[in-house]
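Reader: I have a chain on the screen and some questions about its backbone and its sheet. Can we go through them one at a time?

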Amino acid sequence: MKILKFVATAFLILLLVIGLAALGVYSAVVSKQKIEDHSILELSFAANPTELSVEMSPIQSLILGESPPPNLKNTIELIEAAASDPQIVGISINGQSNLRHVTSMELNRALVKFRESGKSIYAHGDYYTQSAYLLASMADSIFIDPMGEIDLKGYSIILSYYKGFLDRYGIEMEIYSAGKFKSFVESYNRTSSSPQNRMQYEKYLYGLQEELIQTISDNRGIGSERIDQIIRENLAFDSDACLSLKLADVKSYKPEYETFLKEHTGREKSPVISLSRYKASKDFFKKKEKANAAYIVVEGSILDNEG
């Protein structure tokens with residue numbers, strides 16, 4: 001019995017030591033990461049930045065190798081900080097990032113201020129998603145993989161209708177609505193879009209399309225009518241077409257692009273640092289002056305409850 005207690009105690013002590021060691025490594029490697037001179041901040045998003053910060057324990061961060069990705073507000077603040085940071089000489093945009101249109105526009109405005117600092121912006125992608133290219137169009141030079149393309153296709157929406165299916169099986173929906181612009185129930189009591197629903201979707205999508213075309217036109221110096229034609233006729237179908245249309249500047253594989261960044265910064269190793277690493281290396285969000293106003297960010301579903 002004493003042997004079992006001794007083994008159990010030793011095991012718990014071992015776990016405690018491992019935990020403390022992990023926390024020590026995390027603090028030393030992640031929280032205290034040093035940013036070298038002539039670094040390039042990379043904008044790469046595996047998923048659209050959230051409005052709220054992602055909470056992650058030190059152990060989770062240790063396993064992943066870096067701190068959690070910053071939310072959208074912090075990302076914009078990091079870009080603004082990088083503009084005046086002497087250690088950051090430029091920004092690199094990953095053309096395969098997954099972004100929403102509105103997020104790309106928010107980041108686009110932040111990059112306008114960054115470029116005013118005189119620092120360079122570059123972009124590289126094997127396959128540019130539309131929203132990622134909307135952001136990448138701000139770059140001074142756009143690199144595209146020789147086998148790549150730019151997915152400019154504009155905006156559309158597909159609506160589903162179930163009335164025919166319900167009628168076939170004798171299912172009758174009891175629907176209550178008031179007013180003309182009540183499109184939520186149309187999937188169950190119509191077989192096509194109502195004029196009111198079509199009108200509101202057209203206004204919304206045309207607005208997005210116009211902003212997409214005008215932003216790319218302004219950033220790349222290409223006429224808006226030409227951008228509209230490229231989208232409608234799907235002209236950016238390969239890297240040669242992208243270069244001839246002036247949507248991209250250089251054909252380059254990823255290793256060649258990385259070599260370019262090294263030569264540009266005079267670094268032997270990769271100068272690229274992630275947003276998470278940049279955030280962890282600085283105390284941007286700990287040294288704020290006392291604010292005179294505050295705002296609340298709410299994220300989630302709206303429920304019909306009290307309180």
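Reader: Which residue follows helix 8, and what is the sign of its phi?
Author: This is a predicted model. Helix 8 gives way to Gly221. The phi of Gly221 is near 70°, so the sign asked for is positive.

Reader: What should helix 8 span, and how far apart are its end C-alpha atoms?
Author: Helix 8 covers residues 195-220, which is 26 residues. At 1.5 Å a residue, the span should be 38 Å. The value in the model agrees: the end C-alpha atoms are 37 Å apart.

Reader: Which elements do the buried residues of helix 8 pack against?
Author: Buried residues of helix 8 include Leu205, Leu208, Leu212 and Ile216. An α-helix has 3.6 residues a turn, so residues three or four places apart point the same way. The buried residues of helix 8 pack against helix 4 (101-115), helix 5 (130-136), strand 4 (141-150), helix 7 (186-189) and helix 9 (224-232).

Reader: Is strand 3 largely enclosed or left open by the rest of the structure?
Author: Strand 3 has nine residues, 120-128. Seven of the nine are buried, where buried means under 20% relative accessible area. Strand 3 is therefore largely enclosed.

Reader: How many bridges join strand 2 to strand 3, and what is the hand of the crossover?
Author: Strand 2 (residues 88-94) runs parallel to strand 3, with five bridges between them. Among the bridge partners are Gly90 with Ser120, and Ser92 with Tyr122. From strand 2 the chain passes through helix 4 to strand 3. So the count is five, and the β-α-β crossover is right-handed.

Reader: How many bridges pair strand 3 with strand 4?
Author: The two strands pair in the parallel sense. One of the bridges sets Gly125 against Ile144. Strand 3, helix 5 and strand 4 also make a right-handed β-α-β unit. The bridge count for strand 3 and strand 4 is six.

Reader: Which strands stand at the edges of the sheet?
Author: The open sheet has six strands in the order 5-4-3-2-1-6, with parallel pairing. An edge strand here has a single partner, so one side of it is left without a neighbour in the sheet. Those strands are strand 5 (250-251) and strand 6 (272-273).

Reader: Is Lys246 buried or exposed?
Author: Lys246 is in the loop between helix 10 and strand 5. Its phi is positive, about 65°, although Lys246 is not a glycine. Its relative accessible area is 58%, and the cut-off is over 50%, so Lys246 is exposed.

Terms used
Residues are numbered from 1 along each chain as its sequence is written. This is a predicted model: local features need pLDDT of at least 70, side-chain atom pairs count only at pLDDT 80 or more; totals for chains, interfaces and linings use all residues. Side-chain values use heavy atoms; hydrogens and water are left out. Helices (H or I, at least four residues) and strands (E, at least two) are DSSP runs, numbered from the N terminus. The expected span of a helix is 1.5 Å times one less than its number of residues. Buried means under 20% relative accessible area, exposed over 50%, partly exposed in between (1.4 Å probe, protein chains only). Contact means heavy atoms within 4.5 Å. Two strands pair if DSSP finds at least two bridges between them. A crossover is right-handed if, with the strands pointing away from the viewer, the path from the first strand over the helix to the second runs clockwise.
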